[in-house]
Amino acid sequence: MARGEGAEQYAASLLPVKPINTQIKTVKPKEQRTRLTVWNKLCYAIGGAPYQITGSALGFFLQIYLLDVAQLDPFHASIILFVGRAWDAVTDPTVGFLVSRSRWTGIGRMMPWILCSTPFAVLTYFLIWYVPPFEQGKVLWYLVFYCLFQSMQTCFHVPYSALTMFITDDQKERDSATAYRMMVEVLGTVLGTAIQGQIVGGASNCPTDPDDLGSGNSTNASIVSLEETKQAYLISSGVICVIYVFCAAVLFLGVKEKKESGRKKTQLTFRQGLWLVMSYGPYVKLVIGFLFTSLAFMLLEGNFALFITYALGHRKDFQNILLVIMLSGTLTIPWWQWFLTRFGKKKAVYFGITWAVPFMILIICIKSNLVISYLVSVAAGVSVAAAFLLPWSMLPDVVDDFKVKNPDIHGHEALFYSFYVFFIKFASGVSLGVSTLSLKFAGYVTGSCTQPEAVSLTLKVLVSPVPVVLIAVGLLILRTYPINEERRQGNRKLLQEMLDSESETSALGSDV
């Protein structure tokens, strides 16, 4: 009833001025302007690749890099991973608030943030993968540059995420652009996994032959190979930095940010903005539900390289198995887009997220087998695709629902996205910190080619039972999410009426 009353009042206020010029029609030109070309969608989607390329490289490889290449103590590695992610989480709502108060410039309101943060993000990312020639301040080195990179990445990704609401007013076009974005972002995770995995995977600091582990030559070979591994990490990070800059340039050149016409931003304090977002029920339920499911996949992602290497014994194949997961996810993104369009987003969540559960259980219940590991990776990639697509496809629905309920509040889209990213990143920091600390308690030996049985058992727990429980909790919470297809379509019609009214008002005002 609140939505209907708001729309009626808004429309009623326009009736007295309508007879001034009944021939003015601005709806069709408005619709034409909000249509996106395939080129616009591709350029917008390419802008999301840097976040996923660097994210997949850090997510899959940073833990094993800190432990086996930088050779930090697991406790220190857990501090770096947790503090870095926690700092990253804190910067998200802060940047979101600053973005929401940014003024419009000649290139938009979001684009200056993206352009200015790119060179600093590239520099700090490269230095994360450099092993300094000193031991005393090594922990501080990684902590500082990891936090700095996360800050710069936040200044890129929060405005980019909110840009979804400013490239078009049409919900179908936004959903389509989001599908393009998810496709490219999963390709980005494939690219990040491929670049990092294939370059680094060819340089292992452990003998490939088990008989060499006890030989006297293994130590010298390991030292030489460790230097080669350090060099490989630098090369892969350099390649990723070049791609980062290219994607940012494509986004800037191919996407035009659309200024909201006829609307004035409501200036709120940070505390008011926080309350505004966190008191909105549908948003809270969506965020908490995906918080648990995302935490499950983050645990799997953060520990899977170590799990494949030490629990399954596929040291030479771990980078290929990770690549298969990402390729499988990429190929199924279009299918998930069709599924959520045909059956609804909530059904897609239930089916897509639960698909991975049997395979998580299977991978730890059977004896280590390379063929089965690849088959499980293919199946797991299907759920990875759903986990990528669905949250970002449903967030605009929440923002639209909020706009319908609060038609007088504008300019705070970035807050919804930034607080969502805040919770996800904070959960990621907790998962990485706790899992790395668990490995220390299990007796993980830094720089060793073999690990105790307790480490293998801990890795199995971290990639199967714990994620399964988190997925179950998340799906139970998402059952209470109130925005179904009927409500979503109703919001779309109301928003279109509001936009049409604004177009007519602005046209009449300029005519007068």
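I began with burial: a residue counts as buried under 20% relative accessible area, as exposed over 50% and as partly exposed in between, with a 1.4 Å probe and protein chains only. By that rule I found that 57% of the 512 residues of the protein count as buried. I noted that this is a predicted model, in which local features need pLDDT of at least 70 and side-chain atom pairs count only at pLDDT 80 or more, while totals for chains, interfaces and linings use all residues. Residues are numbered from 1 along each chain as its sequence is written, and side-chain values use heavy atoms, with hydrogens and water left out.

**Overall picture**

I looked up the secondary structure next, taking helices (H or I, at least four residues) and strands (E, at least two) as DSSP runs numbered from the N terminus. The protein comes to 19 helices and zero strands. For its surface I read about 21,600 Å² exposed, of which carbon and sulfur atoms supply 66%; the areas come from the Shrake-Rupley method with a 1.4 Å probe, and for residues only the protein chains shown count as cover. I then turned to contacts, meaning heavy atoms within 4.5 Å. Among contacts between residues at least 6 apart in sequence, 86% join residues at least 24 apart.

**Helix H17 and the loop before it**

Which residues of H17 are buried? In this helix, residues 453-463, I listed Val455, Ser456, Thr458, Leu459, Leu462 and Val463 as buried. They lie on the same side of H17 because they cover an arc of only 160° around the axis, the arc being that of the directions from the helix axis to the C-beta atoms. On the other side of H17, I found Glu453 and Leu457 exposed.

I also looked up glycine 443, which sits in the loop between helix H16 (413-442) and H17. Glycine 443 is partly exposed, with a relative accessible area of 30%. Its C-alpha atom is separated by 9.1 Å from that of glutamate 453, ten residues apart along the chain. Leaving aside neighbours within four places in sequence, glycine 443 is in contact with Gln451, Pro452 and Val455, and I had already noted Val455 among the buried residues of H17.

**Helices H13 and H18**

At what angle do H13 and H18 pack? I read an angle of about 175° between helix H13 (residues 345-354) and helix H18 (residues 465-478), with their axes 11 Å apart. Here axes are lines fitted to C-alpha atoms, for helices over the stretch in contact, and angles run from 0 to 180 degrees between N-to-C directions. The two helices are therefore roughly antiparallel to each other, given that angles under 35 degrees count as roughly parallel, over 145 as roughly antiparallel, 65 to 115 as roughly perpendicular and the rest as oblique. From H13, Lys346, Val349, Tyr350, Ile353 and Thr354 meet Ile471, Leu475 and Leu478 of H18. By class, I entered six nonpolar, one polar and one charged residues for this contact, where Ala, Val, Leu, Ile, Met, Phe, Trp, Tyr, Cys and Pro count as nonpolar, Asp, Glu, Lys and Arg as charged, and the others, Gly among them, as polar.

Lysine 345 is also found in H13, and at 3% relative accessibility I entered lysine 345 as buried. Not counting residues up to four places away in sequence, lysine 345 touches several residues, including Asp175, Ser393, Asp397, Glu485 and Arg488. The C-alpha atoms of lysine 345 and serine 393 are separated by 8.3 Å, although the two are 48 residues apart along the chain.

**Three further residues**

I found alanine 386 in helix H15 (residues 370-405), buried with a relative accessible area of 0%. Alanine 386 touches Trp336, Gly352 and Pro391, not counting residues up to four places away in sequence.

Aspartate 68, in helix H4, is buried with a relative accessible area of 6%. I noted that aspartate 68 and leucine 226 are 158 residues apart in sequence and 8.9 Å apart in space, C-alpha to C-alpha.

Glutamine 71 lies in the loop between helix H4 (49-68) and helix H5 (74-100). Its phi is near 55°, a positive value in a residue other than glycine. Most residues other than glycine have a negative phi.
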